[in-house]
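Biologist: Please give me a close look at the charged contacts of one helix, and then follow the account outwards into the rest of the fold. I would like each term to be stated with its cut-offs.

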Amino acid sequence: MHVSEEERLPEGLYESVLSRALAERLQRHNLASEFGGIDDADLPDVLVRHLIPTLRRAFTGRRDSGDRLLLAAELLEFLQSEDESPVAQQQLLALTRPEGPGQRSWAGLRHRPVIPLSESALLTNAQGDPSVGAELRAEIGTADRVDLLMAFVMWPGLRILEDQLRGLRERGARFRVITTTYLGGTERAALDRLARDCGAEIRVQYDARRSRLHAKAWLFGRSTGFDTGYVGSSNLTRAALLDGIEWNVRLSRVAGPALLDKFQGTFESYWNSDQFEAYSPDSDRDRLDDALAQARGARGPQASTVVSGLQVRPFPYQRAILDAVAAERAVHDRHRNLIVAATGTGKTVMAALDYESLCSDDRPSLLFVAHRREILEQSLRTYREVLRDGDFGEAYFEGTRPERWRHVFASIQSLSSHGVTSIPADAFDVVVVDEFHHAEAHSYRALLDHLRPRELLGLTATPERGDGADVRTFFGGRTAAELRVWDAIDAGLLSPFHYFGIADNTDLTRVRWQRGRYDEAELSRLYTGNTARAALVVEQVRDKILDPLSMRALGFCVSVEHARYMAEVFRGVGIPAAAVSATTSSADRSAAISDLRAGRLAVLFAADLFNEGIDIPEVDTLLFLRPTESPSLFLQQLGRGLRLTRDKDVLTVLDFVGQNRADFRLDLRYRALTGATRTGVRHQIERGFPHLPSGSQIVLDQVTREAALKNAQRFVRMRWQQLVNELRAHPTQDLSRFLADSGADLGQVLKRSWTRLRLDADVLRGSLDDREEKLLRRVRAFSHVDDRRRADAYRRLLLGQPQPGDEAFSDMLFFSLYPDGGRHVPDRAAGIRVLPELHFLREDISAVVDLSFGRSRRPTADDPLGLPLALHASYQREEILAVLGYASQERPPADFREGVLKVEVRGRTIDAFFVTLKKSEADYSPSTLYRDYPISPSLLHWESQSTTSVASPTGRRYLNGESTVLLFVRQQRTCDTGTAPYTYLGPAEYVSHTGDRPIAITWRLARPMPAELYLDSALQAV
């Protein structure tokens, strides 16, 4: 079909609304079209953008100004907004107070910015551009409040703006500054002038190793709503503001509100974060001078507020780990717990903080065990700093003996020489064992078998040993808490990585597969002497590494023979290499490691030698030369290169991927790297991994990408018959065992039911009637139960053994099963009474509640209002509406569609807010992302409904504290089991607000939100 040049649609990417005109044009083309839905949350903004070109053409097409004004009035009348109709071809530019006795006008308003407040612009200091310095002076002079985020603050740049910045103080405008000691680029004198002369509130990030702040940005707030901002390359230096080749984007709330929303939200998150500390010239000048000197490379005092790169106050990722350990003890009564975290992430700090939480009036006795003097000295120092007690603890290593034996930091060698059995078994309340992967050694095992502490805490980076042992067996197969790789990288504790997945064309489908892994002897024969594969490895190293001779690499091989072969290949092409193994003498192994650190060797090849226990921070390249079935072991090996050093910008990872059998779970390593769910990892692979920690990348070649995607899709889309076959092959009545053995997710089973799966697999006898079959599909509504009181009440009700006080839980249980109100059930009591008779339903709910509660890693607390809710527990909408007395058979939860609910509970007016932080299911939606979000663990930014005004009864109730606000928050609408539950954050009090219809309100929580929720939803990298 002939298509005119005017109608031709070029091949490429689009985001065009499917209009009638576009649909007709597409019919005249032979190009394949790909369509995608528009999320409800995004639809308003998408339609507004769709209308703008049409509106612009309509207005520019009318030459007469009067016609343009008339068109605007007609459109507004159609939209029932006649009051907004323009009455003249004029704009209001300013409102000023008339001058009079004791009253001065705002002089700065006479010098407005050259760039209109309603427009965005790119300034490059080119001819014709207004200078950034001149525009900043005008912006500062006309702002009610100024926020400055600046990597380097220097006096030459500051003096250009000094008069305007002084003016902020004179008129009482708030001025906030965030800066850093990064590279020592800031001048302390400049900060002192800002604080003393301009009234600036200043926060400084002293630990520049954790987050290298390099931003340069201004936000100019105006009570009129015409906020503006600058983001770009200009620091507070003279050249940057006047004549340097700098690029800066001027932002406008009118032109791009989502950008200003993100700016404001992120700045507030920084301002309320413990990472940024208040600075006062009177009390903090010496500390700042020392920090800046050290950042410039000068030698400063050894004392520091930082231990192992971490401040003693727990950061959010640390709090999440501490919460998980606390939940193990308080919720599950488990007192042998293991923390897994990569080397260099401060496991000792977390152990010290955990010990501090166990202290009350009297500190419990403590034994801290490690195998090296350096670890023990650092650990003793860490505990002293956390406890703020320089006399805490006694050393017991290398000839030093304790006197009081109350808090002892001991080497395993000293304890063994003393005689483990001579220590009373109950001598220590708390025992901490660092580098717990050594626990299989006879000396450690003798100690652990003998002592009976109240609390045992193990610390390790490597739970899976090279000999196949797994130290989690000491803890019932559990890990109490694990620091996720992406959290550690975001927190600046580990190096970012560039991972390359490279197809090596090796056919592994014929290699014997047994007990979930390849036969290593066959793999060794396949790889050793494989010249084509070895040549590919060398080629990729030369391609991806700028200077292979200067790299410090570890190569993970399948066998000693394979390691020796690879070392020989690399030496043959001029790259210094060596192979080490368990058979290598200790002296030769130490020499090889020293040569690698010194750069005399470029690569060390090993088989299972560097999986655990050896720390070489200088490693900047990893070569994965064998398939690693265990995602945990893969992360351990990855951790060998993630240590931070001054000279390492990024870790390079080359993973050589063969043609694997269908059983090999390639997708699991990408789930381990990204933290994605089973479904999420498929989307990540399809989209090129867009959501990784800052500075990290995953790049898969086409063959590897297709293999990973096929592998992920296979396990995402496990058909029902696959589950049936899996259960039939490995029969069990234990749901948790089936999930662990099969690799299936709970959501896949609950799409129908655990009972139906067992019946179909012939491991259960019986039959289901239609009523019970339908109710079994509601069992997924119980996959979130994570507090003991509710779990116990549900179990009692299922057995027909209610206790006084179970009435509210009975309603929660009923409406969870009958969200439509149970129209065919006589009443709620009858619906609950029949449950003991429904054997299969009772069994399924009990199994899911046991599983969900057993997985909970979040401490909960009683509700301060006395409601039968647990703070920080998870609840479905049906449970919440039942507790608040809203749900009834006549007013079922299924009919409730609002995000807010006003109810009277026990004589108290309650405003319950149901908050979904990620409104859109799109990967990234700037227009909706910054409406509701945590500013800090205790502050939440929330937007009211768009029709709520400050003057309305509802708005006044929110702002004046006329009701009790309860917050129920979830990250997104859906999860693997269906509808995502809300986390109950409890009551909140009003802090401040901005705007109208909607009102943006900041709420303060009575108790900080769970660290895990904050980590997953914070705007800043924490």
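Modeller: Aspartate 197 is partly exposed, with a relative accessible area of 23%; here buried means under 20% relative accessible area, exposed over 50%, and partly exposed in between, using a 1.4 Å probe and protein chains only. This is a predicted model, in which local features need pLDDT of at least 70 and side-chain atom pairs count only at pLDDT 80 or more, while totals for chains, interfaces and linings use all residues. Residues are numbered from 1 along each chain as its sequence is written, and side-chain values use heavy atoms, leaving out hydrogens and water.

Aspartate 197 forms a salt bridge with arginine 193, and their closest N and O atoms are 2.8 Å apart. The term denotes a side-chain nitrogen of Lys or Arg within 4 Å of a carboxyl oxygen of Asp or Glu. Both residues belong to helix α7 and are separated by four residues, about one turn of the helix. Helices (H or I, at least four residues) and strands (E, at least two) are DSSP runs numbered from the N terminus. An α-helix has 3.6 residues a turn, so residues three or four places apart point the same way. Arginine 193 is also partly exposed, at 31%.

Helix α7 takes part in a second contact through arginine 188, which forms a salt bridge with aspartate 289, the closest N and O atoms being 3.1 Å apart. Because aspartate 289 lies in helix α10 (residues 281–295) and arginine 188 in helix α7 (residues 188–198), this pair ties together parts that are 101 residues apart in sequence. Arginine 188 is buried, with a relative accessible area of 18%, whereas aspartate 289, at 28%, counts as partly exposed.

In the whole structure, a search finds 63 salt bridges. One of them joins aspartate 595 to arginine 600, with closest N and O atoms 2.7 Å apart. Aspartate 595 is partly exposed at 24% relative accessibility, and arginine 600 is exposed at 52%. Elsewhere, Arg145, Asp227, Arg253 and Asp261 form one network of salt bridges that share partners.

Strand β2 spans residues 145–150, and five of its six residues are buried, so the strand is largely enclosed by the rest of the structure. Two strands pair if DSSP finds at least two bridges between them. Strand β2 runs antiparallel to β5 (residues 216–221), to which six bridges join it, and parallel to β3 (residues 174–180), with five bridges. Leucine 149 stands opposite alanine 217 in β5, and its bridge partner in β3 is isoleucine 178.

Further along the chain, seven strands form an open sheet with parallel pairing, in the order β13-β14-β12-β15-β16-β11-β17. Its edge strands, β13 (394–396) and β17 (481–482), each pair on one side only. Two bridges join β17 to β11 (residues 336–340) in the parallel sense, and isoleucine 339 stands opposite alanine 481. Helix α12 (residues 347–358) packs on this sheet, touching β12 (366–370), β14 (407–411), β15 (430–433) and β16 (455–460), and its direction makes about 165° with that of β16. Helix α15 (residues 442–450) packs on the sheet as well, touching β12, β15 and β16, at about 165° to the direction of β12. Contact means heavy atoms within 4.5 Å; axes are lines fitted to C-alpha atoms, for helices over the stretch in contact, and angles between N-to-C directions run from 0 to 180 degrees.

Aromatic contacts complete the account. The structure holds 35 aromatic pairs, meaning rings of Phe, Tyr and Trp (its six-membered ring) whose centres lie within 6.5 Å; planes under 30 degrees apart count as stacked, over 60 as edge-to-face, and the rest as tilted. The rings of phenylalanine 436 and phenylalanine 474 have centres 5.5 Å apart and planes at 80°, so they are edge-to-face. Since phenylalanine 436 lies in the loop between β15 and α15 and phenylalanine 474 in that between β16 and β17, the pair ties together parts 38 residues apart in sequence. Both phenylalanines, 436 and 474, are buried. Tryptophan 513 and tyrosine 518 are likewise edge-to-face, with ring centres 4.9 Å apart and planes at 85°. Tryptophan 513 is partly exposed at 21%, and tyrosine 518 is buried at 1%.
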